Amino acid sequence: MAAASVALVAGCTAQAAGTGSTGGGGSASPSSSSPAEPSASASDSAEPEASPTADGKAPSSSPTFPTPEPSDSASASTGTPASPAVLKDGDENERVRELQARLRQLGVFDRAPTGFYGTMTAGAVKAFQKKQGLPGTGSVDETTWQRLLGASRKPTADELKPSTTNALDAPAPACLTGRVLCISKESRTLAWMIDGKVVSSMDVRFGSENTPTREGTFSVGWKAREWTSTIYHTPMPYAMFFSGGQAVHYSSDFAARGYAGASHGCVNVRDRAKLATLFDQVKVGDKVVVHW
């Protein structure tokens, strides 16, 4: 009875990046048909906001930074006036994505760009600043940005949004004990961990800013190998529900379009084979941690 009541409000699927929605869940029902490779629905096939390039990636664009206000403070290393930060911890936009791609070219950022400025990005910026003889603030001011432009080239579309598997970041402390689906929004990865050791990992994507994936520590409430969202009429294979209607599940849209789209709050996985194996290993009650 408990599972049946949850099922009435469970389900999410893909949407074009940046589009609105009323929430991350919706009513859903189990699929009564034989398992089959899911195909994209009307919402799955929505066009990305920007026209893709020949390689199917969104076109790259260089950010235009505002002219910093003069400052009376001087840099101890350079003797020149310090510029206020124009990119810093907590920022999330395409400027950050290009920053990360350029830092990756220089070997100081070792993962796929995400567009979110977190501790890993700050550490990479500090490493670059140190090499350049600049104050190691971990934030990007105009001087740091101009040095980065001179040391790197304009990223390609594939460098900005690579299709390769994302590198894992350091797990959150809550991921280090027990059986855990450790999900990082910063590196866009899911790591299946048991007693602090990574058993398997895979790329994931999340909801848009209008339908965000909730962060925190949860547990797997129930599972469904075949599930269909009746509100969006799309398949959600290998669904593992952890917070109301939000679940980890396979997404054919993510497999086809990558990060050009977003879910309505669920954690999408694009590698069906990896998720199928994981689904068989995860038990109801296992911990789920979603963190930056």
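# A guided tour of the nine-stranded sheet and its surroundings

Start with the open sheet: nine strands lie in the order 6-14-3-4-5-13-11-10-7, and their pairing is mixed. Its edges are strand 6 and strand 7 (222-224), each of which pairs on one side only. Look along the sheet and you can follow its turn, with neighbouring strands set at 25 degrees to each other on average, direction ignored. Keep in mind that you are viewing a predicted model.

**The whole chain**

Now zoom out for a moment. The protein chain holds seven helices and 14 strands. Of its 292 residues, 49% count as buried. Among contacts in the chain with a separation of 6 or more, 63% are between residues 24 or more positions apart.

**Strand 14 and its two partners**

Return to the sheet and select residues 287-291, which make up strand 14. Is this strand mostly covered or mostly open? It is mostly covered, since four of its five residues are buried.

Next, add residues 179-184, which are strand 3; the two strands pair in the parallel sense through five bridges. To see one bridge, pick Ser 184 and look for its partner His 291 in strand 14. Then show strand 6, which runs antiparallel to strand 14 and is joined to it by four bridges. Here Phe 218 stands opposite Val 288 of strand 14.

Move on to residues 189-194, strand 4, which pairs with strand 3 in the antiparallel sense over six bridges. Select Cys 182 and you will find Ala 191 of strand 4 opposite.

**The helix on the sheet**

Now select residues 272-281. This is helix 7, which packs on the sheet. The strands it touches are strand 3, strand 4, strand 5 (197-205), strand 7, strand 10, strand 11 (246-250) and strand 13 (267-269). Compare its direction with that of strand 5: the angle is about 130 degrees.

**Into the nonpolar core**

With helix 7 still on screen, turn to the largest nonpolar core, which has 23 residues. Which of them touch the most other members? Select Ile 183, Val 248, Leu 275 and Leu 278 to see them. Two or more residues come from each of strand 3, strand 4, strand 5, strand 10, strand 11, strand 13, helix 7 and strand 14. Helix 7 contributes the most, with four residues.

Centre the view on Val 248. Leaving out residues up to four places away in sequence, Val 248 touches Ile 183, Leu 190, Tyr 238, Ala 239, Met 240, Phe 242, Val 267, Val 269 and Leu 275. Apart from this core there is another one, of 16 residues, including Val 96, Ala 122, Val 125 and Val 140.

**Aromatic rings**

Time to show the ring side chains. Searching the whole structure gives seven aromatic pairs. One of them is formed by Phe 218 and Phe 242, a tilted pair with 5.4 Å from centre to centre and 50 degrees between the planes. Phe 218 belongs to strand 6 (residues 216-219) and Phe 242 to strand 10 (residues 239-243), so this pair ties together parts that are 24 residues apart in sequence. Both Phe 218 and Phe 242 are buried.

Now select Trp 222 and Trp 227. What kind of pair do their rings make? The centres are 4.8 Å apart and the planes are at 75 degrees, so the pair is edge-to-face. Trp 222 counts as buried at 12% relative accessibility, and Trp 227 is buried as well, with a relative accessible area of 7%. Add Phe 241, and you have one aromatic cluster made of Trp 222, Trp 227 and Phe 241.

Two charged side chains are also worth a stop. Select Lys 223 and Phe 279: the charged end of Lys 223 sits over the ring of Phe 279, 4.3 Å from its centre. Then pick Arg 272, which lies over the face of Tyr 250 at 5.2 Å from the ring centre.

**Last stop: Phe 116**

Finally, go to the loop between helix 2 (94-105) and helix 3 (119-131), where you will find Phe 116. Is Phe 116 buried or exposed? Its relative accessibility is 10%, so Phe 116 counts as buried. Show Gly 90 too: its C-alpha atom is 6.9 Å from that of Phe 116, although the two residues are 26 apart along the chain. Beyond its neighbours within four places in sequence, Phe 116 is in contact with Gly 90, Asp 91, Glu 92, Val 96, Gln 100, Thr 121, Glu 186 and Trp 292.

Conventions:
Residues numbered from 1 in each chain as written. Predicted model: local features only at pLDDT ≥ 70, side-chain atom pairs only at ≥ 80, totals over all residues. Heavy atoms only, no water. Phe/Tyr/Trp six-rings, centres within 6.5 Å; stacked < 30°, edge-to-face > 60°. Buried < 20%, exposed > 50% of the residue type's maximum accessible area, 1.4 Å probe, protein only. Lys NZ or Arg CZ within 6 Å of the ring centre and 35° of its normal. Pairing = 2+ DSSP bridges. Axes fitted to C-alpha atoms, helices over the stretch in contact; angles between N-to-C directions. Contact = heavy atoms within 4.5 Å. Core = buried A, V, L, I, M, F, W, Y, C linked by side-chain atoms within 4.5 Å.
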